[in-house]
Amino acid sequence: MAFDLIITNATLPDGSTGQTIAVEGERIVYVGPAVPAGDVIETIDAGGRLVSPPLVDAHFHLDATLALGTDGKYNESGTLAEGIALWDEIRPHLSAENFKRRAVEYCHLAISQGLLAIRTHVDVTPVNLLGVEVLLEVQKEMAPHIDLQLVAFPQMGYFSSPQMADNLNRALDMGCNVVGGIPHLEPTYELGQESVQVLCRIAAERGLMVDLHCDENDDPLSRHVEMLAYETKRLGLQRRVTGSHLTSMHSMDNFYASRLITMMAKAEMHVAANPLANMFLQGRFDTYPKRRGLTRIPELLAAGCLVAMGHDSVLDPWYPLGRGDMLDVAFMAVHASHMSSRSAIPQTFACVSEMPAEIMGLEGYGLAPGSYADLVLHEATDTIEAVRLRLPRRAVVRRGKIVSRSIASEVGAPVIGGGFVGTRLSL
Ligand code: FE2
């Protein structure tokens with residue numbers, strides 16, 4: 001046999017050590033303890049380090065990323081409301097070139113850190129749908145390097161303006177993959193509930209997935225997620241619906257929350273929590289004690305829901321920090337959600353890799369023979385150490401080819417793109 005790439009002496013996310021991963025073309029053909037005989041073009045000795053499938057971000061905003069400080073404007077209060085108002089103010093001044101440059105730059109940053117799939121919400125508020133047009137172009141151009149999934153997202157609310165319904169439908173006609181929404185921002189509570197019903201119906205009719213920003217506030221009585229779970233089951237959308245943020249669940253009455261979690265699990269709903277962004281944005285109206293503003297991740301996982309932990313924002317009107325490293329997101333969740341046990345820390349790693357991959361329905365994801373040879377060689381011996389250290393990834397493989405190496409790995413590769421400090425990206 002002939003192999004394009006063999007990685008030896010790898011530790012896998014499940015803890016198994018001394019593993020070999022053999023690649024032919026774009027696919028993994030062998031995973032196991034033996035080293036298969038045959039000609040090999042490139043061999044990497046993992047030296048006992050962790051090799052995982054790619055990191056995945058199921059909740060991001062590529063249209064707004066890296067737009068921090070546009071026109072000299074910043075979110076001074078740190079609230080979600082000021083972030084939305086600021087975005088609405090600067091968005092009309094952003095050109096197609098500006099949208100594209102920032103999105104591509106972020107993709108380079110992501111790839112160099114082994115983040116090879118992103119679900120991005122794209123604002124469909126402007127009638128010309130410029131952000132949608134540009135991101136569809138970026139999705140196509142970057143497809144060899146990174147999987148992008150686009151959510152048609154009415155950022156200001158589906159019922160906020162007369163043209164929004166048409167904008168959303170046109171964005172879906174243009175090729176957006178997922179139906180988005182933001183019920184808690186609708187003009188009234190009732191319209192928020194109605195938006196959930198309308199958006200789920202659109203998804204059912206079009207055969208699409210749903211991903212709603214839902215109850216992203218500290219209001220214990222915010223109840224749109226209940227409607228989302230109900231509609232998911234009623235319309236037969238099981239495993240196709242994600243509730244994003246769900247921060248109100250942090251503040252809910254414990255009895256009601258346990259009933260709601262059961263309802264969500266029965267509807268086979270998914271969840272996208274955003275530990276960095278929501279630890280930053282929520283609790284802003286509290287004095288002391290300040291609530292954490294994060295949904296109930298351990299309880300949702302225990303009930304059987306798939307939970308993705310998303311980055312949400314990097315250097316934009318909502319979050320002035322971030323570097324596109326999903327291990328930072330997992331690290332925050334360990335603290336903010338008390339996911340600190342020997343079994344919980346690896347769970348946070350799964351929430352930035354295999355769980356969001358399943359939520360996004362990524363084809364060929366994983367380490368089994370037949371999966372795409374998309375791999376990350378970490379500078380760590382296991383998932384706990386990866387989350388603890390968060391060092392530059394030693395190597396990133398996309399479709400069987402090494403696309404980024406850390407400078408620490410001492411193997412030169414031409415630098416033709418951006419990327420994370422300490423890495424060499426060669427797309
Ligand atoms: Fe978001």
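A disulfide here is a pair of cysteine sulfur atoms within 2.5 Å. Keep that cut-off handy, and remember that you're looking at a predicted model.

**Stop one: the cysteines**

Select Cys200 and look for its closest cysteine sulfur. That one sits in Cys214, 9.3 Å away, so the two are too far apart for a bond. Now jump to Cys351: its closest cysteine sulfur belongs to Cys305, at 11 Å, again too far for a bond. The count of disulfides by this rule is zero. While you're here, colour by accessibility: Cys200 is buried at 0% relative accessible area, and Cys351 is buried with 0% as well.

**Stop two: the iron ion**

Next, select the iron ion and show His59, His61, His213 and Asp312. The three histidines donate through NE2 and the aspartate through OD, at 2.1 to 2.5 Å from the metal. What geometry do the four donor atoms of the iron ion give its site? Irregular, with angles running from 83 to 174°. Along the chain, the donors are spaced as H-x1-H-x151-H-x98-D. His59 is in strand β6 (residues 55-60), while Asp312 is in the loop between β13 (307-309) and α11 (326-336), so this pair ties together parts that lie 253 residues apart in sequence. Both His59 and Asp312 are buried.

**Stop three: the cores**

Time for the largest nonpolar core, which has 114 residues. Pick out Tyr106, Leu168, Leu228 and Met264, the members that touch the most others in it. Then highlight helix α2 (residues 96-111), which gives the most to this core, with eight residues. Domain 1 (2-53 + 364-425) and domain 2 (55-360) each supply at least three residues to this core. A separate core of 17 residues lies apart from it, including Leu12, Val23, Val51 and Ile402.

Zoom in on Leu228 and show its contacts. Leaving out residues up to four places away in sequence, Leu228 touches Val196, Cys200, Val210, Leu212, Cys214, Val241, Thr242, Gly243 and Met269. Two of those names, Cys200 and Cys214, you met at stop one.

**Stop four: Arg223**

Finish by selecting Arg223, in the loop between β10 (209-214) and α6 (224-234). Is Arg223 buried or exposed? It counts as buried, at 18% relative accessibility, because the cut-off for buried is under 20%. Not counting residues up to four places away in sequence, Arg223 touches Tyr189, Gln193, Asp215, Met252 and Tyr256. For a last distance, pick the C-alpha atoms of Arg223 and Arg405: they are 46 Å apart, with their positions 182 residues apart along the chain.

Conventions. Residues are numbered from 1 along each chain as its sequence is written. This is a predicted model: local features need pLDDT of at least 70, side-chain atom pairs count only at pLDDT 80 or more; totals for chains, interfaces and linings use all residues. Side-chain values use heavy atoms; hydrogens and water are left out. Donors are N, O and S atoms within 2.8 Å of the metal (3.2 Å for Na, K and Ca); water is not among the atoms, so sites may look incomplete. Four donors count as tetrahedral if all angles lie between 85 and 135 degrees; four count as square planar and six as octahedral if opposite donors are over 155 degrees apart and all others between 65 and 115; anything else is irregular. Helices (H or I, at least four residues) and strands (E, at least two) are DSSP runs, numbered from the N terminus. Buried means under 20% relative accessible area, exposed over 50%, partly exposed in between (1.4 Å probe, protein chains only). A nonpolar core is a set of buried Ala, Val, Leu, Ile, Met, Phe, Trp, Tyr and Cys residues joined through side-chain atoms within 4.5 Å. Domain bounds come from an automatic or database domain assignment. Contact means heavy atoms within 4.5 Å.
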